[in-house]
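Work through the two exercises below with the chain in view. Each solution goes step by step.

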Amino acid sequence: MFDIYDIHTHILPKLDDGAKSLEESIKLLEFEIENKVKGVILTPHYRKNMFEASIQNRERSWQALNQEVKKRKLPIKLYMGCEFHSKRDMVELLDKGVPFTLNKTKNVLVEFSSEDNFSYVREQIFKLRSGGYKPIIAHIERYPAFKGKLNLVEELIDLGAKIQITGGAVLGDYGFFTKRTCHQLLKNHLVHFVASDLHHLSNEGIELLKCAKYISKKYGEEYAREIFETNPKEIIGEEKR
């Protein structure tokens, strides 16, 4: 079995709608370890007028969790990131040095609203690519604009976007139609990452090991390794440009 890396989590405490305490964060990491996850990218939300934790608070939360992981000698590596809710001045903010990329690389985990149409998503992806960034579209299976429209997903990939789907959605925890969307994407090799989007232990679909085994059996171990290990490790291994 290959290693698993989780690029989309809300484990950092007291920053968004994820973990509410340091102890809860540790329990979430212990659960990831049980699922054979070797490393996680911590991606608290940034969304104007909803989740706007300061850079200082993000750093304090990051340092506290890192210290606790080292103290307990937990066998998991942590990397800093963000789930950046799409806004028209994203590139301007990133160019100013706002640390909302993944692991200090050019990769940006970008979230859209369910109301956003394809034209808007395409425009934002184009802007990010033109600015030298590498957009990863978070949980694309949720967006009505892409339901049953693989050609639109392919167009975004051709623009330079990568696609992340949620493990629980693959396993059917979010309903039949969302599961079907995930499997259409997987069948056509339009997925680059499967992640947990882990907020709390009560989350559905956080068992990445179960999901990895399922995808390996259904779509082949080579493809499963690519989306659970190889592609995430490319982000982790990149140096800031």
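Two strands pair if DSSP finds at least two bridges between them. Helices (H or I, at least four residues) and strands (E, at least two) are DSSP runs, numbered from the N terminus. The model is predicted: local features need pLDDT of at least 70, side-chain atom pairs count only at pLDDT 80 or more, and totals for chains, interfaces and linings use all residues. Residues are numbered from 1 along each chain as its sequence is written, and side-chain values use heavy atoms, without hydrogens and water.

**Exercise 1.** Trace the strand partners of I137 and the crossovers around β7.

Step 1. V110 is opposite I137 of β7. Strands β6 (residues 107-111) and β7 (residues 134-137) run parallel, joined by four bridges.

Step 2. Between them the chain passes through helix α4 (residues 118-130), a right-handed β-α-β crossover (clockwise from the first strand over the helix to the second, with the strands pointing away from the viewer).

Step 3. I163 in β8 is the bridge partner of I137. β7 and β8 (residues 162-166) are parallel and share two bridges.

Step 4. Helix α5 (residues 150-159) completes a right-handed β-α-β unit with β7 and β8.

**Exercise 2.** Describe how α7 packs on α8.

Step 1. Helices α7 (residues 176-187) and α8 (residues 208-219) pack at about 55°, axes 11 Å apart (axes are lines fitted to C-alpha atoms over the stretch in contact; angles run from 0 to 180 degrees between N-to-C directions).

Step 2. Therefore α7 is oblique to α8 (under 35 degrees is roughly parallel, over 145 roughly antiparallel, 65 to 115 roughly perpendicular, the rest oblique).

Step 3. K179, H183, L186 and K187 of α7 meet Y214, I215, K218 and Y219 of α8 in the contact (heavy atoms within 4.5 Å).
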